Protein chains: 2
Amino acid sequence: MIFRNQSSSIKKTNVISKDELYKIYGLNSYEFTQKNKEEIFVCSKDKELDLIELDQLLQTVGWSRRPIRRVKRALDFSILVVGLWKYDKKFPRLVGFARCTGDGVLEATVWDVAVNPVYQGLGLGKELMKYILKELKNIGISKVTLFADADVVAFYKRQGWTLEPKGSKCAFWYAS
Amino acid sequence: MIFRNQSSSIKKTNVISKDELYKIYGLNSYEFTQKNKEEIFVCSKDKELDLIELDQLLQTVGWSRRPIRRVKRALDFSILVVGLWKYDKKFPRLVGFARCTGDGVLEATVWDVAVNPVYQGLGLGKELMKYILKELKNIGISKVTLFADADVVAFYKRQGWTLEPKGSKCAFWYAS
């Protein structure tokens, strides 16, 4: 029986110089590529997001539109906002996104994890989550939570997330 | 068949004057009592919490102790922190607590809902949650979420919370 090491399909790239990487994507950026592929991807919490581009990305995954002014305020009050770009010297394209809220001390909650469907299945979501967990760990957060839609429950389970610890359930309340 | 109206056991009190209420518990306080009972309870997001008293309350519900300095920082970064006191002119006693994190725009998450076991079963938790949802609605939040422990799932269900909408599951990740 052969176990395919999923992480082996991803490797760090040396194509972009550190100077260029930091200049375009900021100091806390992380770039990677897939083995034998040419496309380079970069995660960053520093590079500013174009809100129109973000809105378009979220629409590719079928989410209902939210007023851009409210989204901007929500990002301002998030404790971590991460973009995932397909690298291009002139026109980096936003292909993934996620953000976290929380008290920044005891806990954080991950929201709005999205990868453009064209780029799904390449391991990008996994790299994005790894980047987020590392950043949260850096600020000392020991418990991270999220609400996983039914179709991505397996995705989080594979990556070591505990589902419904001790029988807990997620509960939602919508303002009328 | 008789349906007991649970909310009928709670009523607003007129025992405390508004001036006194606001002076002790702040402008956004809400006081109530149970029918035919003498004890008065007050919810408030304004009255400052004594962290030692909060620590003792959380211990009565069996939660593991957390360093008080970290708790203080977590409260500072929460978007809503609510105490529930048993009214006493001189020595109000903290008997309930809850707090919310979130971006304060699109969503909020309720954490650490606790009622001292001595005062459980009196409808206090329900009043505390009503107070929180009202405050969140006031700042325009339309979606509130929480992770319900197995033993309080029924409590939230009774109050109209949607459990695991569309098959979503809660996922937890703990820093190693």
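User: In what order do the nine strands of the open sheet run, and which strands stand at its edges?

Analyst: This is a predicted model, and its nine-strand open sheet has mixed pairing. The order is E1(B)-E2(B)-E3(B)-E4(B)-E5(B)-E6(B)-E7(B)-E9(A)-E8(B), with E9 coming from chain A. Two strands have a single partner strand each, so one side of each is left without a neighbour in the sheet. Those edge strands are E1 (10-11) and E8 (162-163) of chain B.

User: Which residue of E2(B) stands opposite Lys11(B)?

Analyst: Start with the strands: E1(B) pairs with E2(B), residues 30-34, in the antiparallel sense over two bridges. Across from Lys11(B), in E2(B), you'll find Thr33(B).

User: Is Asp103(A) buried or exposed, and what is its relative accessible area?

Analyst: Asp103(A) sits in the loop between strands E5 (93-102) and E6 (107-115) of chain A. Its side chain reaches the backbone nitrogen of Val105(A) at 2.7 Å, and a polar atom of that side chain also lies 2.7 Å from the backbone nitrogen of Leu106(A). Asp103(A) is in contact with residues of chain B too, including Phe77(B) and Arg99(B). Buried means under 20%, so Asp103(A) counts as buried, with a relative accessible area of 2%.

User: Which two residues touch the most other members of the largest nonpolar core?

Analyst: That core has 32 residues, and helix H4 (residues 124-138) of chain A gives the most to it, seven residues. One of the two has contacts in both chains, among them Leu133(A) and Phe172(B); that's Trp161(A). The full pair is Ile132(A) and Trp161(A).

Conventions
Residues are numbered from 1 along each chain as its sequence is written. Chains are lettered from A and ligands numbered from 1 in the order in which they are written. This is a predicted model: local features need pLDDT of at least 70, side-chain atom pairs count only at pLDDT 80 or more; totals for chains, interfaces and linings use all residues. Side-chain values use heavy atoms; hydrogens and water are left out. A nonpolar core is a set of buried Ala, Val, Leu, Ile, Met, Phe, Trp, Tyr and Cys residues joined through side-chain atoms within 4.5 Å. Buried means under 20% relative accessible area, exposed over 50%, partly exposed in between (1.4 Å probe, protein chains only). Helices (H or I, at least four residues) and strands (E, at least two) are DSSP runs, numbered from the N terminus. Contact means heavy atoms within 4.5 Å. A polar contact is a pair of N or O atoms within 3.5 Å; within protein, one must be able to donate a hydrogen and the other to accept it, and residues adjacent in sequence count only if both atoms are side-chain atoms. Two strands pair if DSSP finds at least two bridges between them. Lists of a residue's contacts leave out its neighbours within four places in sequence.
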